[in-house]
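These are my notes from going through one model. I took the annotated regions, the empty spaces and the helix packing in turn.

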Amino acid sequence: MKTSEFALSWNMPEVKFGLGQKIYSKWYTKWFDKSTLNGSVLCLHTLKNRVKWEEAIAKWQQPVLDDPSLPDWYKSALFNESYFIADGGSIWLDVSDDVTLPDHVRKWGRYGYLEGHEYRMVNTYDVHFYASFALIQLWPQLELSIQLDFARSIIYEKLESRVYLFHGQAGQWKTLHSVPHDLGDPDEEPWLLINAYIAHDTADWKDLGPKYLLQVYRDYMYTKDKDFLDDVWTTVKFVTDRLKKQDTDGDGLVDNGGFADQTYDAWTVVGASAYCGGLHIAALRACIEMARIMNDTSAAEEYEVWLNLAKKSYSEKLWNGKYYNYDSSVSLHHDSIMSDQLAGFWYLRLSGHKYEDFEKERVDSILRTIFKSNVMEFGNGKLGAVNGMTKSGQLEIVSMQSEEIWTGVTYGLSSTMIMENFQKEAFLTSEGIYNTCFNVAGLAFQTPEALMRDCHFRSCGYMRALSIWAIQKALELSRLESTSTTTVSKANQE
């Protein structure tokens, strides 16, 4: 019996996008003689390095695979959901010759991936907020490159007007100091022509600013790269100044504008809201911490006053004793139970914070409510967490998106549960969505953004499911906290 080895490669060293304004070299070409590079060279390189690569992959995966406390489905999901990093319309560009770019981007390259196989936008930011937990843990330098690209885009404006589809009204293409929705359409010219999304004017979205602030802070906390924080600090102030303008009633919280002005872009929200308000409070905490790191005393003091007012308003306008109401309107669905209402707390918690701004008792109450209603009453624990349920325990049908289970949101919620010692509930919740996607619906390696109770799905091959890496981070952090608590307890006993 003989064994044969073979390698298959495509050598596509250069790429240009739809409008053809610029030709890029791909990142891998940096490591070869471009004059002699072809498919054979890449195949030979693969065969020579195959064993070394396999050993490195095994070394990376083995601690998870050998952990008896982790369920088998999770071990499969963690690594298999990572397919989207390479298969998400992904591209890694060598831009080392572009002197207009930050040194970090020139050194590590420019990485882009699509929102989904069907949603043709590069680095969609409101969704990258969830998916970026994979990048910051596995390829942190690429995550910083993405952040620096967005930092540059914040200080850019495009005065040209265009019509937005949901309202049929004209608006500016890119507003100064707004965080863009995305970095462009590959059928046009990504990075040069940004904000391909035209359903809403995302300059009016209320989650993009807080998500930028939280990601910047999280990325600094994970990398401790002070140069990165120095580079983006000015844009942090620009974004917070813009957030002030989105607080229309002076209560310290951004006010949703009566349309779907956040990542749930078909689910209308009015006034103060559980989702955007929670993100805003968490972002202000992040800004206080960044201001202290930057020794910007006046900014830290300003953000502290702002945060105290925002927390007071958030509690008074939305807390109902068990969870935060969907929004502060008088609509019939204002008190819906939103499964993603702890998104802001989630980011702070996975950045090393505890309960400075979100009380432990309330967090636990919210998680118990969501698990009981959005997980168990909705699908008996077999479908993940549905986005919206009514206070009376019925499916919230006010919007298509309130009726959906979002894979990435379910993974993020599960990681929050793990941090708060709801591990059994966390794994039950996330196993439900994984089993539905991979086994029931047969959507392995094309994980959809959304499913419904009858397993109909929307947008297969989607970015947000990469948030499963937040579960891995939560497991690591919760074990560190447990070890620390045990050590302190023993020291006190002695």
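Before the pockets, I fixed the terms: a helix here is a DSSP run of H or I with at least four residues, and helices are numbered from the N terminus. A pocket is an open set of grid points, and its lining residues have an atom within 4 Å of a point. The model is a predicted one.

**Entry 1: the largest pocket**

I asked which element gives the largest share of the lining of the largest pocket. That element is α1, with five residues. I then noted that α1 (39-65), α3 (84-87) and β3 (91-94) each supply at least two residues of this lining.

For the volume of the largest pocket I have about 1000 Å³. The lining has 20 residues, and those closest to the pocket centre are Trp-27, Tyr-28, Trp-53, Ala-86 and Trp-92. By class, I recorded 16 nonpolar, three polar and one charged residues in the lining.

**Entry 2: the second largest pocket**

Next I looked up the second largest pocket, with a volume of about 280 Å³. I found 23 residues in its lining, with Glu-115, Tyr-119, Tyr-197, Ala-199 and Asp-265 nearest the centre. How does this lining divide by class? I have 13 nonpolar, four polar and six charged residues.

**Entry 3: annotated regions**

I checked the UniProt record, an unreviewed entry, for domains. It places "domain: Glycosyl-hydrolase family 116 N-terminal" at residues 2-53. In the model, I find that span to be 29% helix and 13% strand, and its end C-alpha atoms lie 23 Å apart.

The other annotation I took from the unreviewed UniProt entry is "domain: Glycosyl-hydrolase family 116 catalytic region", covering residues 109-471. For residues 109-471 I have 47% helix and 9% strand, with the end C-alpha atoms 28 Å apart.

**Entry 4: cavities**

How many cavities of 30 Å³ or more does a search of the whole structure find? I have two.

The largest cavity holds about 90 Å³ of space. In its lining I listed His-177, Ser-178, Val-179, Thr-202, Ala-203, Trp-205, Leu-208, Gly-209, Val-239, Arg-242, Leu-243 and Gln-246. The elements giving two or more residues to this lining are α7 (208-223) and α8. Of the elements, α8 gives the most, with three residues. By class, I noted six nonpolar, five polar and one charged residues around the largest cavity.

I then turned to the second largest cavity, which holds about 70 Å³. Its lining is made up of Tyr-130, Ser-339, Asp-340, Leu-342, Ala-343, Trp-346, Val-409, Gly-412, Leu-413 and Thr-416. Two or more of these residues come from each of α11 (343-349) and α13 (407-419). The largest share, four residues, comes from α13. I counted this lining by class as six nonpolar, three polar and one charged.

**Entry 5: packing of α8**

Since α8 gives the most to the lining of the largest cavity, I looked up its helix partners. Against helix α9 (residues 274-293), helix α8 (residues 226-245) packs at an angle of about 135°, with the axes 11 Å apart. I therefore put α8 and α9 down as oblique to each other. In passing α9, α8 makes a left-handed crossing.

At what angle do α8 and helix α10 (residues 297-318) pack? I have about 30°, with the axes 13 Å apart. Angles under 35 degrees count as roughly parallel, and α8 and α10 are therefore roughly parallel to each other. I noted the crossing of α8 and α10 as left-handed.

**Entry 6: packing of α13**

My last look-up was α13, which gives the largest share of the lining of the second largest cavity. The axes of α13 and helix α12 (residues 360-379) come within 11 Å and cross at roughly 130°. I entered this pair, α12 and α13, as oblique, therefore, to each other. Is the crossing of α13 by α12 left-handed or right-handed? I have it as left-handed.

Definitions and conventions
Residues are numbered from 1 along each chain as its sequence is written. This is a predicted model: local features need pLDDT of at least 70, side-chain atom pairs count only at pLDDT 80 or more; totals for chains, interfaces and linings use all residues. Side-chain values use heavy atoms; hydrogens and water are left out. UniProt positions are given in the numbering used here, feature names are shortened, and annotations may be inferred rather than shown by experiment. On a 1 Å grid over the protein atoms alone, a cavity is a set of points where a 1.4 Å probe fits but cannot get out, and a pocket is an open set with protein on both sides within 12 Å along at least five of seven lines; lining residues have an atom within 4 Å of a point. Grid points are joined across faces, edges and corners, and a volume is the space filled by probe spheres set on the points. Ala, Val, Leu, Ile, Met, Phe, Trp, Tyr, Cys and Pro count as nonpolar, Asp, Glu, Lys and Arg as charged, and the others, Gly among them, as polar. Axes are lines fitted to C-alpha atoms, for helices over the stretch in contact, and angles run from 0 to 180 degrees between N-to-C directions. Angles under 35 degrees count as roughly parallel, over 145 as roughly antiparallel, 65 to 115 as roughly perpendicular and the rest as oblique. A crossing is left-handed if the near helix is turned anticlockwise from the far one by less than a right angle, and right-handed if clockwise.
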